[in-house]
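Colleague: I should like to learn how to read several features of a structural model. May we take them one at a time, with the general idea before the particular case?

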Amino acid sequence: MITRTLHTLQKARGFSTSTIPRTTSVTLKALGLDSYNLGVYNGKWGGNGDVVESVNPASGDVIGAVQQASASDLNDTLDQAAKAAKVWREIPAPKRGEIVRQMRNALFSKIEPLGKLVSLEMGKILPEGIGEVQEYIDIADYAVGLSRMLNGKVVPSERPGHMMMEVWNPLGVVGIVSAFNFPVAVYGWNSAISLVCGNPVVWKGAPSTSLTSVAVTKILAEVLETNGLPGAICSLASGGAEIGHSMAKDKRINLLSFTGSTNVGRKVALTVQERFGKCLLELGGNNAIIVHNDADLDLAVRSTLFAAVGTAGQRCTTTRRLFLHEEIHDTFIERLQKAYSQVKIGNPLEPGVLCGPLHTKQAVAAFEQGISDVKAQGGKILYGGSVLNIPGNFVEPTITSIAHDAPVVHREIFAPILHTIKYSDIKDAVAWNNEVGQGLSSSLFTTDPERIFRWIGPSGSDCGIVNVNIPTNGAEIGGAFGGEKETGGGRESGSTAWQQYMRRQTCTINYSGMLPLAQGIKFE
């Protein structure tokens, strides 16, 4: 793998070389954290598992350490969560919403240090780190309103003197297994909605972002304790794959929400299904933008840059494939290369930086393998393609030119690699968008109403998120978030996603004193 020196990059585009600010200790202190922290909470703090260090991916420095959960810790936590469920489900939904409102305010009071911790531990730039905490705040606002709108419906009964209705009740304990790339927001989507629906939550965040998990839980726990409620309503069991597997197997978890890779998600789904549990899956994405010849190119270039480079290509909604109409292909590539050349890479806490590091050395290795596969499969590197020879996990955002059906194009690589493909017929571009296994997000840039409505129609994109003239990433909390096919089919956040966290019941009440049977059956 080619590496580029710091001096070369400085000359090319002003690479950030400033020392990472000494904000770690101040940030930890502001969040009630220390260099060593307990990673299990179920009304009290503990932990008897391994001690895992959190490493700053921009420097390789250790930020702090968290004592993970043992099998016994998880068992105790699930017991406490089950007890808390009996208390929480009896509290009226609007009152549960009031608790979530207080959590929202508590999160808002810590938005700056929590956003900095996300940047330090995950590696995304500070505006994105703070924006992620804001996303939790936003979904909490949404959940508070939702707590007064968990509506059922009245269904006309065919029998005289009968009332039939549909009601929604709390499901039970909800397990949440979240990934490193959104260590706050994904938990927020699940927990805020789950809580107003009447369910306690047990959270296992990514081991590499355990400090963030502990910090968030401390904020929520204080709200619960202030209100005299069981802390186990917002339980935490930090840990690795073994804890996640145990959660998938355990019948005490009524719904398991899993965010991660398709390969692991497939195993999770099978494990949960074996016990006839419920699971909500948010898995891989291999998202595409199509730019037609009538598109606003300025808008499309800026959108592609954010969608492909933002979070260093580590969003599930990152754009990984770009289909360009042959009439605008060369112009678009030229403009996109220029935009890439102006992206500042470096310390994610520094103003002006747009691309931070990859999260781990394993991610860097996956980037390198991806570049090697592009070349081996007949593709070309149009921009970037290098690992940066400096401390941290930095790579160059990369643009390739390759065939739409090359195996590397069909594989999700969690790194800033953008594959570009030329097309002449929009029908081909839509078919290529749909030909991959994943089905999360997609976007078409055009000004033609017919193309827009065909794109969002039955023969258009097969993804769960179908956009027009905006990027594939940056979803709002008001819509249901999720995808089809190997993305898992789950839906989180807005719309009717709340229904996955509740038990749906059809209730018929006979107030007639008679016993007429449905379908006119006589049984006398």
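Colleague: Which cysteine sulfur is closest to the sulfur of Cys463, and at what distance?

Modeller: The general idea comes first: a disulfide is a covalent bond between the sulfur atoms of two cysteines. Please bear in mind that the model before us is predicted. Here the closest cysteine sulfur to that of Cys463 belongs to Cys316, at 12 Å, which is too far for a bond. A pair would have to lie within 2.5 Å to count as a disulfide.

Colleague: How far is the sulfur of Cys355 from the closest cysteine sulfur?

Modeller: For Cys355 the closest cysteine sulfur is again in Cys316, now at 17 Å, so that the separation is too great for a bond. The number of disulfides in the structure is zero.

Colleague: Are Cys355 and Cys463 buried or exposed?

Modeller: Cys355 is buried, its relative accessible area being 1%. Cys463 is also buried, with a value of 11%.

Colleague: How should one describe a pair of helices, and what are the values for α6 and α7?

Modeller: Two packed helices are described by the angle between their axes and the distance between the axes. In this model, helix α6 spans residues 126-146 and helix α7 spans residues 185-196; their axes come within 9 Å and cross at roughly 15°. The two helices are therefore roughly parallel, an orientation assigned to angles under 35 degrees. The crossing of α6 past α7 is right-handed.

Colleague: Which residues form the contact between α6 and α7?

Modeller: On the α6 side they include Tyr136, Ile139, Tyr142 and Leu146, and on the α7 side they include Tyr187, Trp189, Ile193 and Val196. By class, the residues of this contact divide into 12 nonpolar, two polar and two charged. Helix α6 also holds Gly145, which is partly exposed at 33% relative accessibility.

Colleague: How far apart are the C-alpha atoms of Gly145 and Gly483?

Modeller: Those C-alpha atoms are separated by 25 Å, while the two residues stand 338 residues apart along the chain.

Colleague: My last topic is backbone angles. What is the phi of Ser493, and what is that of Gln519?

Modeller: Ser493, although not a glycine, has a positive phi of about 75°. Gln519, likewise a residue other than glycine, has a positive phi near 60°. As to their settings, Ser493 is in strand β25, residues 492-493, and is buried at 3% relative accessible area. Gln519 is in the segment after β26 and counts as exposed, at 64% relative accessibility.

Note on methods. Residues numbered from 1 in each chain as written. Predicted model: local features only at pLDDT ≥ 70, side-chain atom pairs only at ≥ 80, totals over all residues. Heavy atoms only, no water. Buried < 20%, exposed > 50% of the residue type's maximum accessible area, 1.4 Å probe, protein only. Axes fitted to C-alpha atoms, helices over the stretch in contact; angles between N-to-C directions. Helix = DSSP H or I, 4+ residues; strand = E, 2+ residues; numbered from the N terminus. Parallel < 35°, antiparallel > 145°, perpendicular 65-115°, else oblique. Left-handed = near helix turned anticlockwise from the far one by under 90°. Contact = heavy atoms within 4.5 Å. Nonpolar A, V, L, I, M, F, W, Y, C, P; charged D, E, K, R; others polar.
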